[in-house]
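User: I would like a close reading of one part of this protein, namely its surface and the charged and nonpolar side chains found there. Please treat the matter in one connected account.

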Amino acid sequence: MAARTDCCSYEPSLEDLLDDEVMEPVLRSAGFDSQGLRDMMVETARRIDDSHIEVRRIDDRDQRRRDR
């Protein structure tokens, strides 16, 4: 059982995952290549960050209204 736990303690990086030979057909079946997946992840992270910024703006505006 300890060996099984040890094998699961390693968290591969994105590069490790994309270098795995199994990933090429998986990505291809999803309509991506490794660069396309990277690009999609960067765009998704940007959109999440942008939405958090917008939520903060709304919260700040609402707080200013309550403070009046």
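To begin with, what does the accessible surface of the protein come to, and what percentage of it belongs to carbon and sulfur atoms? Please then take up the salt bridges and the surface patches in turn.

Analyst: The accessible surface of the protein comes to about 6100 Å², and carbon and sulfur atoms account for 53% of that area. The model is predicted, and its confidence should be stated before any side chain is discussed. The mean pLDDT of the protein is 80, with 82% of the residues reaching 70 or more. Confidence is lowest in helix α1, residues 2–8, where the mean is 58; it is highest in helix α3, residues 23–29, where the mean is 92. Where pLDDT is low, the predicted coordinates should not be read in detail.

The surface is carried by a fold of four helices and zero strands, which gives the pattern α-α-α-α along the sequence. The protein has 68 residues, of which 4% count as buried.

The salt bridges come next. The structure holds four of them, and three are described here, beginning with one in helix α3. In that bridge the side chains of Glu24 and Arg28 meet, with an N to O distance of 3.3 Å. The two residues are four apart in helix α3, so about one helical turn separates them. Both partners are open to the surroundings: Glu24 counts as exposed because its relative accessibility is 54%, above the 50% cut-off, and Arg28 likewise counts as exposed at 55%. Glu24 also has a spatial relation to a residue further along the chain, since Ser34 is ten residues away in sequence and 7.6 Å away in space, taken from C-alpha to C-alpha.

Helix α4, residues 34–67, holds a network of salt bridges that links Glu43, Arg46 and Asp50. Arg46 takes part in both of the contacts described here. On one side, Arg46 forms a salt bridge with Glu43, the closest N and O atoms being 2.5 Å apart. Glu43 and Arg46 are three residues apart in helix α4, about one turn of the helix. On the other side, Arg46 forms a salt bridge with Asp50, and here the closest N and O atoms are 2.4 Å apart. Arg46 and Asp50 are four residues apart in helix α4, and therefore about one helical turn separates this pair. As to accessibility, the members of the network are described by one term: Glu43 is partly exposed, with a relative accessible area of 35%; Arg46 counts as partly exposed at 40%; and Asp50 counts as partly exposed at 35%. These values fall between the cut-offs of 20% and 50%, which is why none of the three is called buried or exposed.

Two surface patches complete the account. One is a patch of negative charge, in which Asp16, Asp19, Asp20 and Glu21 gather. Among these residues, Asp19 has its place in helix α2, residues 14–19. Asp19 is exposed, its relative accessible area being 63%.

The other patch is nonpolar and is formed on the surface by Leu14, Phe32, Met40 and Met41. Together these four residues present about 300 Å² of accessible area. One of them, Phe32, lies in the loop between α3 and α4. Phe32 is partly exposed, with a relative accessible area of 31%. Because residues of a patch must have over 30% relative accessible area, Phe32 meets that requirement with its 31%.

In summary, the part examined here includes the bridge between Glu24 and Arg28, the network of Glu43, Arg46 and Asp50, the negative patch that contains Asp19, and the nonpolar patch that contains Phe32.

Notes. Residues are numbered from 1 along each chain as its sequence is written. Side-chain values use heavy atoms; hydrogens and water are left out. pLDDT is the predictor's confidence in each residue, from 0 to 100. Patches are made of residues with over 30% relative accessible area and no salt bridge: like charges are joined within 9 Å, nonpolar side chains (Val, Leu, Ile, Met, Phe, Trp, Tyr) within 5 Å. Accessible areas come from the Shrake-Rupley method with a 1.4 Å probe; for residues, only the protein chains shown count as cover. Buried means under 20% relative accessible area, exposed over 50%, partly exposed in between (1.4 Å probe, protein chains only). Lys and Arg count as positive and Asp and Glu as negative; His and the chain ends are not counted. The place of a charge is taken as NZ of Lys, CZ of Arg, CG of Asp or CD of Glu.
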